[in-house]
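Work through the exercises below with the sequence and the structure open. Each task is followed by a solution in steps.

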2 protein chains.
Amino acid sequence: MPGKLFIISGPSGVGKGTIIENLLQGSDRLYFSISATTRGKRDYETDGKEYYFVSKADFQDRIKSGRMLEWAEYQGEYYGTPAGPVEEKLEAGFDVILDIETRGMAQVREKRPDAVAMFIYPPAFSMVEQRLTGRGTETAEKIKGRLEKGRSECRKAGDYDYIIINDNLDTAVAEVKAVMTAEKCRTAQRLHILKEDKSL
Amino acid sequence: MPGKLFIISGPSGVGKGTIIENLLQGSDRLYFSISATTRGKRDYETDGKEYYFVSKADFQDRIKSGRMLEWAEYQGEYYGTPAGPVEEKLEAGFDVILDIETRGMAQVREKRPDAVAMFIYPPAFSMVEQRLTGRGTETAEKIKGRLEKGRSECRKAGDYDYIIINDNLDTAVAEVKAVMTAEKCRTAQRLHILKEDKSL
């Protein structure tokens, strides 16, 4: 039985990363997809860990030949999800998590209507505001940009299959896990058992 | 927020009762619906515990006035789910479990398309056969009738939202709980949070 594809989105500062870390620690049949980008590698980054760092020509070629599951251009650089590793892992029976934006979600859904999409929502958007401002590592302008983006991301939460409210990390992780378990119990996933039951 | 309505079906002997007992022990916001019947009360039974025992005239009146969520006639007696208690509990925010047959499921779905239906399936139908035969409390003819019914119930598992395989009680209970948690995270259940978020 192939694995299931899960999309996780949410505004910057909502705690997506921590939730995903918790999921990965709890399972050895779960694969976290690594994005590709054309932007330069930073000193602390490793190719294949934070991103696959590729050239513009390579990225454009991947787009043309349909080898990107989703992609976007942002400030002149490409970002996206290479389809190959995702499909390989699904075929091998792993569940796969994509941490992508709402625009990417729409693209993935077109190609894989069976993907299950969860939106991580803050208890109130004002808490994202506090967290982003509180970090103190970015200019006011950058924070403003992130907030605007976060706000427009949150407004698209209604397009998702599930909304997880991250007001308590343990509850949020448990809810994401419940969604993943439940989706594997869906009738379409299990009808093969009836077909294989020769005593029926 | 009103509660959610969950339907649980499965062949006699699959272990539905034990699963439901486990669910009820783990939650005080869960209500198990009690059926009404026109068949005579047995000595060990209490009215309002195993069944609500009602007269035929009363039951027929409930059907006519739309106060039965589902019902069926079996060997000249009526069996069914009174709508009143279910709706009261849902309104009060309780989740409600109905343990009903596949035919009843179809009736409930017509009235409440938001009901979530789970089918408890045996690891193989032959195990239900073994369990029913092994009980040794019923005549061969009765067992045969139950098996035929169980078999025809199992063939309708494909009409359900979820299929839970009861080859391990703990796993089956965990899966049913995961479905209940996940269904409460569905976007339709949570969109009100976005609407109420004045900081968005």
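Two strands count as paired if DSSP finds at least two bridges between them. The model is a predicted one.

**Exercise 1. Determine the strand order of the five-stranded sheet in chain B, and identify its edges.**

Step 1. The order is β2-β7-β1-β8-β9 of chain B, in an open sheet with parallel pairing.

Step 2. β2 and β9 of chain B each pair on one side only, which makes them the edge strands.

Step 3. At the β9 edge, strand β8 (residues 116–121) of chain B runs parallel to β9(B) and is joined to it by four bridges. Within this pair, B:Tyr121 is opposite B:Ile165 of β9(B).

Step 4. Direction ignored, neighbouring strands of this sheet are turned by 25° against each other on average.

**Exercise 2. Describe the surroundings of strand β7 of chain B: which strands pair with it, and are its residues buried or exposed?**

Step 1. Strand β1 (residues 5–9) of chain B pairs with β7(B) in the parallel sense, over four bridges. The bridge partner of B:Ile8 is B:Asp99 in β7(B).

Step 2. Strand β2 (residues 30–32) of chain B also pairs with β7(B) in the parallel sense, here over three bridges. In this pair B:Phe32 faces B:Ile97 of β7(B).

Step 3. Apply the burial cut-off: a residue is buried if 20 or more other C-beta atoms lie within 10 Å of its own. Five of the five residues of β7(B), residues 95–99, are buried.

Step 4. Sort these residues by face. In a regular strand the side chains alternate between the two faces of the sheet. B:Asp95, B:Ile97 and B:Asp99 lie on one side, B:Val96 and B:Leu98 on the other, and both faces are covered.

**Exercise 3. Place B:Phe94 and list its contacts.**

Step 1. B:Phe94 is in the loop between α3 (83–91) and β7 of chain B.

Step 2. B:Phe94 has 18 C-beta neighbours inside 10 Å and therefore counts as partly exposed.

Step 3. Neighbours within four places in sequence aside, B:Phe94 contacts B:Gly3, B:Arg29, B:Leu30, B:Tyr31 and B:Lys89.

Step 4. B:Pro2 is 92 residues away from B:Phe94 along the chain, yet their C-alpha atoms are separated by 7.1 Å.

**Exercise 4. Find the relation between the two chains, and describe the side of chain B that touches chain A.**

Step 1. A turn of 180° with a shift of 0.0 Å along the axis lays chain B on chain A with an RMSD of 0.0 Å. The two copies are therefore related as by a two-fold rotation axis.

Step 2. In chain B, the C-alpha nearest the axis belongs to B:Ala178, at 2.2 Å.

Step 3. The same surface serves both copies, as 100% of the contact residues of chain B recur in chain A.

Step 4. Chain B gives 30 residues to the contact and chain A gives 31 residues. On the side of chain B, the elements that give two or more residues are α5 (125–134), α6 (140–154), β9 (162–165), α7 (169–184) and α8 (187–196). The residues on this side divide into 18 nonpolar, five polar and seven charged.

Step 5. One of these elements, α7(B), also lies across β1, β7, β8 and β9 of chain B, and runs at about 170° to β8(B).

**Exercise 5. Lay out the four-stranded sheet of chain A and the helices that pack on it.**

Step 1. The order is β4-β3-β6-β5 of chain A, in an open sheet with mixed pairing. The edge strands are β4 (52–53) and β5 of chain A.

Step 2. Strand β3 (residues 36–37) of chain A pairs with β6(A) in the antiparallel sense over two bridges. A:Thr37 has A:Tyr79 of β6(A) as its bridge partner.

Step 3. Helix α3 (residues 83–91) of chain A lies across β5 and β6 of chain A, at about 15° to β6(A). Helix α4 (residues 102–111) of chain A touches β5 and β6 of chain A too, and its direction makes about 155° with that of β5(A).

**Exercise 6. Examine the backbone at A:Gln75.**

Step 1. A:Gln75 is in the loop between β5 (68–74) and β6 (77–82) of chain A.

Step 2. Most residues other than glycine have a negative phi. A:Gln75 is not a glycine, but its phi is positive, about 50°.

Step 3. A:Gln75 counts as exposed because it has 6 C-beta neighbours inside 10 Å.

Terms used:
Residues numbered from 1 in each chain as written. Chains lettered and ligands numbered in written order. Predicted model: local features only at pLDDT ≥ 70, side-chain atom pairs only at ≥ 80, totals over all residues. Buried ≥ 20, exposed ≤ 12 C-beta atoms within 10 Å, placed from the backbone. Least-squares fit on C-alpha atoms with pLDDT ≥ 70 in both. Contact = placed C-beta atoms within 7 Å. Nonpolar A, V, L, I, M, F, W, Y, C, P; charged D, E, K, R; others polar. Axes fitted to C-alpha atoms, helices over the stretch in contact; angles between N-to-C directions.
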